Amino acid sequence: MGVRVWRLPGPAGRGVSPRALLRRMAREGLQEVMVEGGGRLAHSFLAARAVDRVALFTAPLVIGDGGLSWCGPLATELAGRTIAQHRFGADTMVMVELEG
C-alpha cells in the first residue's frame with residue numbers, strides 16, 4: 001500500500017485545513033478518517049464542522065485546572081446524541097453522534 005504525502009493549504013503555522021483534507025480524501029475515494037491528537041487538532045475539526053462522531057474517554061481521576069483541554073472554545077455548541085457507552089477497565093468511552 002505504501003505512503004502518500006499530500007501538500008494541502010492551511011493557515012500559516014497552524015497545520016492543515018480540515019476542509020481541504022476532507023476534499024482531498026473524497027477525491028481519493030476515502031469516506032472515513034479517525035482523527036486522534038490533542039486539543040488543537042480536535043478543535044480545528046470541530047470548529048470546521050468536519051466531525052460526525054466524537055468518542056470521549058474518561059478516567060476516574062479528578063485533576064482540576066492542571067489538565068489539558070481536549071478542545072478549545074467553539075463559536076456555538078454542538079448538539080448530539082449518545083449512540084454507545086463502553087467500559088474499558090476503570091475508564092469509560094461515550095460515543096456521541098453530532099447533529100447536522
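**Close-up views of a predicted protein chain**

The mean positions of the 12 positive and 9 negative charges of the protein chain lie 10 Å apart; the model shown here is predicted.

**Figure 1. Overall view of the protein chain, with its 2 helices and 3 strands.** Read from the N terminus, the elements follow the order α-α-β-β-β, and the C-alpha trace extends over about 40 × 30 × 30 Å along its principal axes. Of the 100 residues, 14% count as buried, while the chain exposes about 8200 Å², of which carbon and sulfur atoms supply 54%. Among the contacts with a separation of 6 or more, 56% come from residues that are 24 or more positions apart.

**Figure 2. The loop between α2 and β1, with R49 in view.** R49 sits in the loop that links α2 (39-47) to β1 (53-58), and its phi is positive, at about 55°, although R49 is not a glycine. R49 counts as partly exposed because its relative accessible area of 47% falls between the limits of 20% for buried and 50% for exposed.

**Figure 3. The largest nonpolar core of the protein chain, made of 5 residues.** The members of this core are L46, V54, C71, V96 and L98. Of these, L46 belongs to the range of α2 (39-47) and V54 to that of β1 (53-58), whereas L98 lies in strand β3 (residues 91-98). When residues up to four places away in sequence are not counted, L46 touches V51, V54, W70, C71, L74, L78 and L98, a list that includes the core members V54, C71 and L98.

**Figure 4. L98 in strand β3 and the residues in contact with it.** L98 counts as buried because its relative accessible area of 18% is under the limit of 20%. Leaving aside neighbours within four places in sequence, L98 is in contact with L46, V51, D52, V54, L78, A79 and G80; among these partners, L46 and V54 are also members of the largest nonpolar core. The residues V51, V54 and L78 appear among the contacts of L98 and also among those of L46.

**Figure 5. L98 and F88, with the separation of their C-alpha atoms.** These two residues are 10 residues apart along the chain, and their C-alpha atoms are separated by 23 Å. L98 is part of strand β3, which covers residues 91-98.

Notes
Residues numbered from 1 in each chain as written. Predicted model: local features only at pLDDT ≥ 70, side-chain atom pairs only at ≥ 80, totals over all residues. Heavy atoms only, no water. Helix = DSSP H or I, 4+ residues; strand = E, 2+ residues; numbered from the N terminus. Buried < 20%, exposed > 50% of the residue type's maximum accessible area, 1.4 Å probe, protein only. Contact = heavy atoms within 4.5 Å. Areas by Shrake-Rupley, 256 points an atom, 1.4 Å probe, with all protein chains shown as cover. Lys, Arg positive; Asp, Glu negative; His and termini not counted. Charge placed at Lys NZ, Arg CZ, Asp CG, Glu CD. Core = buried A, V, L, I, M, F, W, Y, C linked by side-chain atoms within 4.5 Å.
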